[in-house]
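Got your viewer open? Let's take a walk through this protein, one selection at a time.

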Amino acid sequence: SELIHKSIMQDMTEGVMTIGLDGVITYVNPAAATILGMTAQNLSGKKFIHCFFEYPENDAFNQTVLDAVYDSATTHRNVVAYYSGTGFRQLHVTTSYLHDDVGAKVGVIVVLSDISELTELRDAVKAMQRIQQLNNQLELRNKLLNETFGRFLSDEIVRQLLDTPDGLMLGGKKRTLTIMMSDLRGFTAMSEQMEPQALIAMLNHYLGAMTEVIQKYNGTIIEFIGDGILAVFGAPLASDHHASDAVAAAVAM
């Protein structure tokens, strides 16, 4: 029975370590020694505090083991960082009181699992989820900008604003532009004879058609003033032929 017990302990992938009530480590299986970055010979028969209190990074690990001594009625489970002297690992630690055949408390048993790879995978998944969230926010922002500015700017101008880091930077630049203003001849007299709903429908149709023409020639609409349109050519996209673009747009309008 004892041989079978030892064989099972030797072959376990989980680490098992037992500590007597005097604080001396009484047993360490090979898996525990590997996980802890030590050898069974260097641990067995040594005081727990002499083996694991060297690095302050292991305070959480040590506290988890000590919790089993302070609270003998509970099995303690915790995920803690463990520093072996050469690197960090994430360990799942289960601790409880160890009893003999008649139920007397003889020490503490510690069961260890190295979950570093699982933690890295979890962190990678979290990172991917965060990246996806940021991408979704960026896509939503770009969609909003497109829908907002796309009504007044050409696709090329909107694309430059979104692609250039300082595209939306506040401030000003001195540049030679061509300015164009247009309005509807006789609009005032026309508006006095039309119902409000019909007038708005006509304006929406008219301004929509004019916007398409202006955008086609890379113009930027600054303002709608009733039936009037104020547009510039040569900004924010610089152009060497902004004047001819403006004339072409005016003719097309």
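**Start with the rings**

Colour the aromatic side chains, and you can hunt for 8 aromatic pairs; here rings of Phe, Tyr and Trp (its six-membered ring) pair if their centres lie within 6.5 Å, with planes under 30 degrees apart called stacked, over 60 edge-to-face and the rest tilted. Before going on, note that this is a predicted model, in which local features need pLDDT of at least 70, side-chain atom pairs count only at pLDDT 80 or more, and totals for chains, interfaces and linings use all residues. Residues are numbered from 1 along each chain as its sequence is written, and side-chain values use heavy atoms, with hydrogens and water left out.

Select F48 and F61: this pair is tilted, with 6.4 Å centre to centre and 35 degrees between the planes. F48 sits in helix 4 and F61 in helix 5, so the pair ties together parts 13 residues apart in sequence. (Helices, H or I with at least four residues, and strands, E with at least two, are DSSP runs numbered from the N terminus.) Are these two rings buried or exposed? F48 is buried, at 4% relative accessible area, and F61 is buried too, at 0%; buried means under 20%, exposed over 50% and partly exposed in between, using a 1.4 Å probe and protein chains only.

Now add F52, F53 and Y82: ring pairs link them with F48 and F61 into a cluster.

**Step into the core**

Next, select M17, I25, L36, F52 and F61. They have the most contacts inside the largest nonpolar core, which has 22 residues. Such a core is a set of buried Ala, Val, Leu, Ile, Met, Phe, Trp, Tyr and Cys residues joined through side-chain atoms within 4.5 Å. Its largest share, 4 residues, comes from helix 2.

Which residues does F52 touch, leaving aside neighbours within four places in sequence? Among them are M17, L43, N58 and Y82, where contact means heavy atoms within 4.5 Å. A second, separate core of 14 residues includes I214, I221, F233 and A246.

**Finish at the sheet**

Show strands 6, 7 and 8: they form an open antiparallel sheet in the order 6-8-7. Two strands pair if DSSP finds at least two bridges between them. Strand 6 (178-182) and strand 7 (219-225) stand at the edges with a single partner strand each, so one side of each has no neighbour in the sheet.

Strand 7 is joined to strand 8 (228-233) by 6 bridges. To see a bridge, pick I221 and its partner in strand 8, A231. Last, select helix 9 (196-216), which packs on the sheet and touches strand 6, strand 7 and strand 8.

Technical notes. Axes fitted to C-alpha atoms, helices over the stretch in contact; angles between N-to-C directions.
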